[in-house]
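Biologist: Please take one part of this model and look at it closely. I would like one connected account, with cut-offs given.

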Amino acid sequence: MSLHSDAISTLDKWRPSDPTQESLRQAFLGFLAAREDACARSCAAGHLTASAVLLDADRENVLLTLHPRVGRWLQLGGHCEPEDATLAAAAMREATEESGMDGLRIEPEPIHLDVHPITCSLGEPTRHFDVRFAVHAPPGAEPVRSGESDDLRWWPLDGLPTGSEDLAELIASARY
């Protein structure tokens with residue numbers, strides 16, 4: 001199965017309880033139906049990305065990265081790569097690369113969707129169709145910052161950094 005086929009299958013099976021998320025799910029499926037290249041970063045019309053809301057073992061803290069290009073705290077994630085067989089695998093790869101931690105565990109179903117305009121590696125405005133998954137760290141896991149981040153740290157779920165209040169809904173969806 002290709003990443004494109006997995007994306008269709010994953011989103012076709014997922015049933016969000018929120019009507020806004022259901023509307024986005026339908027839009028993602030429409031985009032995937034229209035574009036065979038929807039998972040490739042070269043798709044200038046937009047492309048699927050995969051994110052990980054990484055919670056500590058006690059589900060009391062979330063790992064956020066200070067994104068160097070965006071200049072704000074965000075969940076881990078990024079572009080799908082040709083070797084990614086599934087969206088969950090892409091999210092897991094990104095979580096592992098960006099956190100520097102082994103032994104992570106991913107929930108198989110998405111928890112949240114988002115579409116946002118961005119100028120990414122293409123150098124021109126595009127859109128990210130971001131599929132987000134909950135990921136759990138093993139007890140005692142400590143992050144190691146990579147070159148993809150200006151900073152990397154655990155934040156209490158009820159104490160997110162200033163300017164990241166828009167992540168509250170996303171993070172809340174990962175808690176349960």
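The part I have in mind is helix H2, together with what packs against it.

Modeller: Here is helix H2 and its surroundings. This is a predicted model; local features need pLDDT of at least 70, side-chain atom pairs count only at pLDDT 80 or more, and totals for chains, interfaces and linings use all residues. Residues are numbered from 1 along each chain as its sequence is written, and side-chain values use heavy atoms, with hydrogens and water left out.

Start with the extent. H2 runs over residues 19-34 and has 16 residues. Helices (H or I, at least four residues) and strands (E, at least two) are DSSP runs, numbered from the N terminus. From its first C-alpha to its last, H2 reaches 23 Å, close to the 22 Å expected at 1.5 Å a residue. That expected span is 1.5 Å times one less than the number of residues.

At the start of H2, Asp18 places a side-chain oxygen within 3.0 Å of the backbone nitrogen of Thr20.

Next, the two faces. Gln21, Arg25, Phe28, Leu29, Phe31 and Leu32 are the buried residues of H2. They sit on the same side of H2, because they cover an arc of only 160° around the axis. The arc is that of the directions from the helix axis to the C-beta atoms. Buried means under 20% relative accessible area, exposed over 50%, partly exposed in between (1.4 Å probe, protein chains only). An α-helix has 3.6 residues a turn, so residues three or four places apart point the same way. On the face turned away from the buried side, H2 carries the exposed residues Pro19, Thr20, Ala33 and Ala34.

What covers the buried side? The cover includes helix H1 (3-13) and helix H4 (168-175). It also includes strands S1 (47-55), S6 (112-119) and S7 (125-136).

Leu32 shows the packing in detail. Leaving aside neighbours within four places in sequence, Leu32 is in contact (heavy atoms within 4.5 Å) with His4, Ala7, Ile8, Leu11, Ala38, Cys39 and Leu48. Leu32 also belongs to the largest nonpolar core, which has 22 residues. Such a core is a set of buried Ala, Val, Leu, Ile, Met, Phe, Trp, Tyr and Cys residues joined through side-chain atoms within 4.5 Å. Leu11, Leu32, Leu48, Leu87 and Val131 touch the most other members. H1, H2, S1, helix H3 (87-99) and S7 each supply at least two residues of this core. Apart from it lies another core, of 14 residues, including Val53, Leu160, Leu167 and Leu170.

Now cross to H1. Its buried residues are Leu3, His4, Asp6, Ala7, Thr10 and Leu11. They too are placed on one and the same side of H1, since they cover an arc of only 160° around the axis. H2, S1, H3 and S6 are among the elements that cover them.

His4, in H1, ties back to H2. His4 is buried, at 8% relative accessibility. Its side chain reaches the backbone oxygen of Leu32 at 2.9 Å. That is a polar contact: a pair of N or O atoms within 3.5 Å; within protein, one must be able to donate a hydrogen and the other to accept it, and residues adjacent in sequence count only if both atoms are side-chain atoms. Not counting residues up to four places away in sequence, His4 touches Leu32, Arg35, Glu36, Ala38 and Cys39. The C-alpha atoms of His4 and Thr86 are separated by 8.3 Å, though 82 residues apart along the chain.
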